[in-house]
Amino acid sequence: MKIDVHTKDRDYSVYLERGILARADAMIGRHGHVFIVSDDGVPLKWRKMLQDQYPEAGIFVFPNGEASKNFDTLQEILKAMQEAHLSRQDTIIALGGGVVGDMAGFASAIYMRGIRYINIPTTSLSQIDSSIGGKTAVDFNGVKNSVGAFWQPDMVLADPDTLSTLSRRHYHNGLAEAVKEGLIKDEALFNIFEKR
Ligand SMILES: NC(=O)c1ccc[n+]([C@@H]2O[C@H](COP(=O)([O-])OP(=O)(O)OC[C@H]3O[C@@H](n4cnc5c(N)ncnc54)[C@H](O)[C@@H]3O)[C@@H](O)[C@H]2O)c1
């Protein structure tokens with residue numbers, strides 16, 4: 001399934017398809033150097049699948065979890081991008097859940113005042129919600145998502161197969177978001193729940 005997203009800054013497409021991670025290079029192509037940002041909770045099998053398609057790509061992997069969503073990690077990502085000599089012609093690929101998307105997206109928004117980035121969300125929450133809309137942020141001074149930027153991805157590749165390795169808790173977390181959105185936006189669905 002292809003969903004076209006129109007924003008005032010950029011138009012892009014979200015591709016939702018089983019097995020699309022294995023064909024990411026055909027979808028993304030090669031625009032300059034590729035640099036992957038991920039966290040160490042994303043199973044190696046998904047990271048390897050992407051790296052096999054981009055063997056020359058640089059990569060930065062940070063410790064998984066909300067505790068990493070801060071300026072220290074952001075600086076480390078930016079440093080790794082700079083040391084890889086990335087320019088505005090190059091491409092960042094975020095591979096992971098909402099934390100990776102928010103961090104890689106924010107780093108892409110501010111590195112050289114903006115670099116192309118592709119989001120490959122691998123959690124149900126990030127496929128349903130956080131990979132779309134261009135919101136990026138870090139937690140700061142004890143306040144969640146308090147510093148960030150709007151930076152739209154050039155493309156989103158959501159592969160439902162990657163959800164097969166998610167814990168039940170994280171899988172249900174994303175589904176709860178889908179139900180919430182459905183109840184807010186679909187009156188008929190809301191009425192079904194209300195009658196119970
Ligand atoms: N930008 C937005 O619009 C937006 C919207 C909603 C939420 N968010 C942010 O998203 C974050 C939460 O995202 P999340 O729920 O994806 O959590 P997460 O990114 O922390 O991922 C949850 C855990 O699952 C692991 N993981 C990722 N992919 C996996 C896979 N395929 N198999 C097994 N494990 C995997 C991660 O390493 C992590 O340990 C929060 O920081 C929240 O603020 C952002």
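This is a short walk through one predicted model, from its ligand site to an aromatic pair and a surface patch.

Hi everyone, and thanks for coming. A word on conventions: as this is a predicted model, local features need pLDDT of at least 70 and side-chain atom pairs count only at pLDDT 80 or more, while totals for chains, interfaces and linings use all residues. Residues are numbered from 1 along each chain as its sequence is written, and side-chain values use heavy atoms, with hydrogens and water left out.

Let's start with the ligand. Which residues are closest to the ligand? They are Asp39, Glu66, Thr122, Thr123 and Thr165, out of 25 residues that surround it; a residue is counted there if one of its heavy atoms lies within 4 Å.

Now the polar contacts, meaning pairs of N or O atoms within 3.5 Å; within protein, one atom must be able to donate a hydrogen and the other to accept it, and residues adjacent in sequence count only if both atoms are side-chain atoms. Aspartate 39 places a polar side-chain atom 2.6 Å from a ligand oxygen, and glutamate 66 also has a polar side-chain atom 2.6 Å from an oxygen of the ligand. For lysine 144, a side-chain N or O atom is 2.8 Å from a ligand oxygen. On its own the ligand has 880 Å² of accessible area, and the protein covers 86% of that (Shrake-Rupley method, 1.4 Å probe; for residues, only the protein chains shown count as cover).

Next, the aromatics. How many aromatic pairs does the structure hold? Just one, with ring centres required to lie within 6.5 Å for Phe, Tyr and Trp (its six-membered ring); planes under 30 degrees apart count as stacked, over 60 as edge-to-face and the rest as tilted. Phenylalanine 71 and phenylalanine 140 make an edge-to-face pair, 5.4 Å centre to centre with 90° between the planes. Because phenylalanine 71 sits in helix α3 (residues 71-83) and phenylalanine 140 in strand β7 (residues 135-140), the pair ties together parts 69 residues apart in sequence. Helices (H or I, at least four residues) and strands (E, at least two) are DSSP runs, numbered from the N terminus.

Are these rings buried or exposed? Phenylalanine 71 is partly exposed at 31% relative accessible area, and phenylalanine 140 is partly exposed at 42%; buried is under 20%, exposed over 50%, and partly exposed in between (1.4 Å probe, protein chains only).

Helix α3 also contains glutamate 76, whose C-alpha atom is 47 Å from that of alanine 188, 112 residues away along the chain.

Finally, leucine 16 belongs to strand β2 (residues 11-16) and is partly exposed, at 33%. Thanks for listening!
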